[in-house]
Amino acid sequence: MAETENEAQKVEFDGSEIEYVSYGGEHHLPLIMRLVDEELSEPYSIFTYRYFVYLWPQLCFLAFHRDRCVGTVVCKMGEHRNTFRGYIAMLVVIKPYRGKGIATELVTRSIKVMMESGCEEVTLEAEVTNKGALALYGRLGFVRAKRLFRYYLNGVDAFRLKLLFPQSPPMLANMEGHNAQIMH
């Protein structure tokens, strides 16, 4: 979509002015759809959006600035090859609001819920040409696990990115408890 000159300009605001909310129902769906349709290269049907927000509403967050939705993250979690895995399906922050920590906060909130729910890892795909997304996820500890050739409909390759959560082996956890008892 063509952006207006006003939308392309950076917006000045204090970080405390951004309100983060969990998905609150059907009234949030058009806001998410508009952001994703305008900013991401892949087209999604209403069924795709509903699949995520109805099954995992606790993993969907929106960012508002003065009652305007300026960002969203949409995720899921479930079993994948004997691993309980989180997946970031969509992350969008509109251009004037990028570089201010909004995407970091949205992703961090979803990762926190995934960790608390027992996920062992989080994955996502990002276009190899999306330097901003690759830098963001790199700062959050994601590593490039695989290159997926011509992954997107526009013909661009993707990187599969993965964040592994540290696991303490059961034996080590038991020994730490045992050592603590011996020392007392």
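User: Which residues is Glu121 in contact with, leaving aside its neighbours within four places in sequence?
Analyst: In this predicted model, Glu121 is in contact with Thr83, Phe84, Arg85, Gly86, Lys162, Leu163, Leu164 and Phe165. Each of these counts as a contact because heavy atoms lie within 4.5 Å.

User: Why is Glu121 called buried?
Analyst: The relative accessible area of Glu121 is 8%. The cut-off for buried is under 20%, so Glu121 is classed as buried. Glu121 is found in strand β5, residues 121–127.

User: What makes the pair Glu121 and Arg85 a polar contact?
Analyst: The two side chains come to 2.9 Å. The limit for a pair of N or O atoms is 3.5 Å, with one able to donate a hydrogen and the other to accept it. The pair of Glu121 and Arg85 is therefore listed as a polar contact.

User: How do you know that β4 and β5 pair, and in which sense?
Analyst: Three bridges link β4 and β5, in the parallel sense. Pairing requires at least two bridges, so the criterion is met. One of the partnerships is that of Tyr87 with Thr123 in β5.

User: What makes β4 largely enclosed?
Analyst: Of the 11 residues of β4, 10 are buried, so the rest of the structure largely encloses this strand.

User: How many bridges join β3 to β4, and how do these strands run?
Analyst: There are 10 bridges between β3 and β4, and the two strands run antiparallel. Met77 stands opposite Gly86 in β4. β3 and β4 form a hairpin with two residues between them. In the turn, Arg81 has a positive phi of about 50°.

User: In what order do the seven strands of the open sheet stand?
Analyst: The order is β1-β2-β3-β4-β5-β7-β6, with mixed pairing. On average, neighbouring strands of this sheet are turned by 25° against each other, direction ignored.

User: Why are β1 and β6 called edge strands?
Analyst: β1 (18–22) and β6 (143–148) each pair on one side only. For β1, five bridges join the strand to β2 (residues 61–65), and the two run antiparallel. Val21 stands opposite Leu62 in β2.

User: How do you know that the buried residues of helix α3 line one face?
Analyst: Tyr49, Phe52 and Val53 are buried in α3 (residues 46–55). Seen down the axis of α3, its buried residues fall within an arc of 90°, so they line one face of the helix. Their cover includes α2 (29–39), β3 (68–80) and β4 (83–93). The face turned away from the buried side carries Phe47 and Leu55, which are exposed.

User: What makes the pair Lys112 and Glu116 a polar contact?
Analyst: The side chains of Lys112 and Glu116 come to 2.7 Å. That distance falls within 3.5 Å, so the distance criterion is satisfied. Lys112 is placed in helix α4, residues 102–116. From C-alpha to C-alpha, Lys112 and Leu59 are 9.4 Å apart in space, and 53 residues apart in sequence.

User: Where does pLDDT stay under 50?
Analyst: One such stretch is residues 1–6, for which the model has three contacts beyond four places in sequence. Over residues 178–184 the pLDDT is also below 50, and this stretch has zero contacts beyond near neighbours in sequence. Where pLDDT is low, predicted coordinates should not be read in detail. The protein chain averages a pLDDT of 88, and 86% of the residues score at least 70.

Methods. Residues numbered from 1 in each chain as written. Predicted model: local features only at pLDDT ≥ 70, side-chain atom pairs only at ≥ 80, totals over all residues. Heavy atoms only, no water. Helix = DSSP H or I, 4+ residues; strand = E, 2+ residues; numbered from the N terminus. Axes fitted to C-alpha atoms, helices over the stretch in contact; angles between N-to-C directions. Buried < 20%, exposed > 50% of the residue type's maximum accessible area, 1.4 Å probe, protein only. Arc of directions from axis to C-beta. pLDDT = per-residue confidence, 0-100.
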